[in-house]
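Trainee: Could you walk me through this one? I'd like to hear the reason behind each label.
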Amino acid sequence: MGCALAFLSRLLCVMPGRLVDGFGRAVGLLAHRLDRKHRERARANLRMVFPDWSDEQVRRIAREVFAHFGKTGARFLRAPALSAEEVLASVRCEGLNLIHEALNEGKGAILITAHIGNWERMAHYFSLNGITLSVIARDANDEVSNRVVNRTRRSQGFEVYGRATAARRVLRDLQQNRCVGILPDQNAQEAFVPFFGMPAGTVLGPAMFHLHTNAPILTTFCIEQGDGSYEVMISRLNLPERTGDREADAVAIMARVNEAIEQAVREHPEQWLWLHDRWRSARQEGLL
């Protein structure tokens, strides 16, 4: 798998961008046809979250999700071939000053994003604008693929930490007034926090990092536009008042985080990773 991924990356790097997009969408649509497990998971999640949608709408959005991530994956693998000028021209962002203002407080900044749009293009854009960034991300399933993916990410100017070893590195980065990106929109078992009105297993790490360092939390989402470019939306998270109960405070913070992610997903459902089993732990605990 890893060797095939490396070969594919080299192939995509010499292809014109228009062909890369078409190839990626085609792969995504093929996966939609062949991967029954994830196709049905995406449809089931959409039906649960949007009970008023028709079956036709559910099927259409699920199909577009696969096509979107196929194209996004192809663009990611082709990223080493892009010039800095091409990356900067592909992204519109008016809130970059919010990150610089947060860093002016000297405590680093926690950037919350999600598996929506193209977070890796956003990270590349940030690095080209002088923002030093590390990201906590899930490792690939095999070592060779992991090396290919992380080498591609490093070529875009940001470092990636595996979840198992991230905590100490994150605290160090925040103490050095750097930015840390976190994607907390996948299933976990640490706490059950509302997401689309239903309990969802949610990591507490982002909140704990904030409580330990007082680093500001910002939400940063990179959404693909109709012309294939991206718009980055940045907001500073309005945090709840602390109660002194550390775990309760962490859950309250993550509730705000989930609300922000939910809003972005509602606005752009065809760009979020519905094929992930986000509510698995909640079902296993009998909460759904």
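Trainee: What makes Arg-154 and Glu-159 a salt bridge?

Mentor: Their closest N and O atoms are 3.9 Å apart. A salt bridge is a side-chain nitrogen of Lys or Arg within 4 Å of a carboxyl oxygen of Asp or Glu, so the pair qualifies. Bear in mind that this is a predicted model: local features need pLDDT of at least 70, side-chain atom pairs count only at pLDDT 80 or more, and totals for chains, interfaces and linings use all residues. Residues are numbered from 1 along each chain as its sequence is written, and side-chain values use heavy atoms, with hydrogens and water left out.

Trainee: Why is Arg-154 called partly exposed?

Mentor: Its relative accessible area is 44%. Buried means under 20%, exposed over 50%, and partly exposed in between (1.4 Å probe, protein chains only), so 44% earns Arg-154 the middle label. Glu-159, at 31%, is partly exposed too.

Trainee: How many salt bridges are there in the whole structure?

Mentor: The search finds 15. One of them joins Arg-75 to Asp-21, with the closest N and O atoms 2.8 Å apart. Arg-75 sits in helix H4 (residues 55-78) and Asp-21 in helix H2 (residues 17-34), so this bridge ties together parts 54 residues apart in sequence. Helices here are DSSP runs (H or I, at least four residues), numbered from the N terminus. Arg-75 has a relative accessible area of 12%, so it counts as buried.

Trainee: And what separates Glu-262 and Arg-266 along helix H11?

Mentor: About one helical turn, because they are 4 residues apart in H11 (residues 246-267). Their closest N and O atoms are 2.9 Å apart, and they form a salt bridge. Glu-262 is buried at 16%, while Arg-266 is partly exposed at 43%. Elsewhere, salt bridges that share partners join Arg-39, Glu-40 and Arg-43 into one network.

Trainee: How do you know that Arg-78 has no salt bridge?

Mentor: The nearest side chain of opposite charge, Glu-86, is 5.4 Å away (Lys and Arg count as positive, Asp and Glu as negative; His and the chain ends are not counted). Set that against the salt-bridge limit of 4 Å. Arg-78, in helix H4, is buried all the same. A polar atom of its side chain lies 3.0 Å from the backbone oxygen of Met-15. Outside its neighbours within four places in sequence, Arg-78 is in contact (heavy atoms within 4.5 Å) with residues including Leu-12, Cys-13 and Val-20.

Trainee: Why does Cys-179 have no disulfide with Cys-93?

Mentor: The sulfur of Cys-93 is the closest cysteine sulfur to that of Cys-179, but it is 12 Å away, too far for a bond. A disulfide is a pair of cysteine sulfur atoms within 2.5 Å, and the whole structure has 0 of them. Cys-179 is buried, at 1%; Cys-13, at 24%, is partly exposed.

Trainee: What makes a group of residues a nonpolar core?

Mentor: They must be buried Ala, Val, Leu, Ile, Met, Phe, Trp, Tyr or Cys residues joined through side-chain atoms within 4.5 Å. The largest core here has 48 residues, and Phe-196 and Trp-274 are among those with the most contacts inside it. H11 supplies the largest share, 8 residues. A second, separate core of 26 residues includes Cys-93 and Trp-119.

Conventions:
Helices (H or I, at least four residues) and strands (E, at least two) are DSSP runs, numbered from the N terminus. A polar contact is a pair of N or O atoms within 3.5 Å; within protein, one must be able to donate a hydrogen and the other to accept it, and residues adjacent in sequence count only if both atoms are side-chain atoms.
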